[in-house]
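The following exercises concern salt bridges, a disulfide, strand pairing and the surroundings of a loop residue. Each task is followed by a solution in steps.

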Amino acid sequence: QIQLVESGGGTVQAGDSLRLSCAASGSTENNYAVSWFRQAPGKEREFVAGVSWTGSNKKYGDSVLGRFTVSRESAKNTVYLQMNNLKPEDSGAYYCAAARTMSSRWYGVSTDELSYWGQGTQVTVSS
């Protein structure tokens with residue numbers, strides 16, 4: 001079992017930056033991939049970024065490519081999402097999700113691939 005807690009959300013202006021954190025607990029093994037998703041009101045949950053459990057393999061959604069960076073600090077069981085040059089369309093609830101894997105390169109890109117979810121943190125970007 002893995003518990004995930006997101007933090008770092010807030011209200012910012014367009015062009016600002018935020019760093020979200022996803023702290024994991026409940027497991028002594030770190031072979032879990034982590035992905036970030038976001039969901040705006042009335043829209044489906046959207047893949048934002050994913051990172052393999054080794055941290056060596058990463059993927060980004062097209063809308064955030066070049067602006068967002070995902071990283072993980074295994075010693076702290078924490079995954080980060082650095083968000084730069086934020087836009088109003090980046091607003092929404094951001095969730096981190098995890099799944100155990102034996103692959104050092106795998107990460108989930110769809111919601112049904114991830115078993116554990118955090119409660120989310122809200123990001124609001126004003127124009």
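A salt bridge is a side-chain nitrogen of Lys or Arg within 4 Å of a carboxyl oxygen of Asp or Glu. The structure to which this criterion is applied here is a predicted model.

**Exercise 1. Determine which residue forms a salt bridge with Arg67, and which parts of the chain the pair ties together.**

Step 1. The partner of Arg67 is Asp90, with the closest N and O atoms 2.7 Å apart. This distance satisfies the 4 Å cut-off.

Step 2. Asp90 belongs to the loop between S8 and S9, and Arg67 to the loop between strand S6 (58-60) and strand S7 (68-73), so the pair ties together parts that are 23 residues apart in sequence.

Step 3. Burial is judged by a relative accessible area under 20%. Asp90 has 0% and is therefore buried. Arg67, with 10%, is buried because its value is also under the cut-off.

**Exercise 2. Establish which residues are linked with Arg38 in a network of salt bridges.**

Step 1. Arg38 forms a salt bridge with Glu46, where the closest N and O atoms are 2.9 Å apart. Arg38 is buried at 5% relative accessibility, while Glu46, at 32%, counts as partly exposed.

Step 2. The side chain of Arg38 also meets that of Asp90 in a salt bridge, at 2.8 Å from N to O. Arg38 lies in strand S4 (residues 32-39) and Asp90 in the loop between strand S8 (78-83) and strand S9 (92-100), so this pair ties together parts that are 52 residues apart in sequence.

Step 3. Asp90 also forms the salt bridge with Arg67 treated in Exercise 1. The network therefore links Arg38, Glu46, Arg67 and Asp90. In total, the structure holds four salt bridges.

Remark. Such pairing can arise when the charged atoms of side chains of opposite charge come close.

**Exercise 3. Identify the cysteines that form a disulfide, and describe their link.**

Step 1. A pair of cysteine sulfur atoms must lie within 2.5 Å. The sulfur atoms of Cys22 and Cys96 are 2.1 Å apart, and the two residues form a disulfide. By this rule, the count is one disulfide.

Step 2. The link of Cys22 and Cys96 is right-handed, with 70° about the S-S bond.

Step 3. Cys22 is located in strand S3 and Cys96 in strand S9, so the pair ties together parts that are 74 residues apart in sequence. Both cysteines, Cys22 and Cys96, are buried.

**Exercise 4. State in which sense S3 pairs with strand S1 and with S8.**

Step 1. Strand S1 (residues 3-7) pairs with S3 in the antiparallel sense, over five bridges. Val5 stands opposite Ala23 in S3.

Step 2. S3 and S8 also run antiparallel and are joined by six bridges. Gln82 in S8 is the bridge partner of Arg19.

**Exercise 5. Locate Ala14 and decide whether Ala14 is buried, partly exposed or exposed.**

Step 1. Ala14 is found in the loop between strand S2 (10-13) and strand S3 (18-25).

Step 2. Partly exposed residues fall between the 20% limit for buried and the 50% limit for exposed. Ala14 has 41% relative accessibility and therefore counts as partly exposed.

Step 3. Not counting residues up to four places away in sequence, Ala14 touches Leu86, Pro88, Val125, Ser126 and Ser127. From C-alpha to C-alpha, Ala14 and Ala49 are 20 Å apart in space, with their positions 35 residues apart in sequence numbering.

Methods: Residues numbered from 1 in each chain as written. Predicted model: local features only at pLDDT ≥ 70, side-chain atom pairs only at ≥ 80, totals over all residues. Heavy atoms only, no water. Helix = DSSP H or I, 4+ residues; strand = E, 2+ residues; numbered from the N terminus. Buried < 20%, exposed > 50% of the residue type's maximum accessible area, 1.4 Å probe, protein only. Contact = heavy atoms within 4.5 Å. Pairing = 2+ DSSP bridges.
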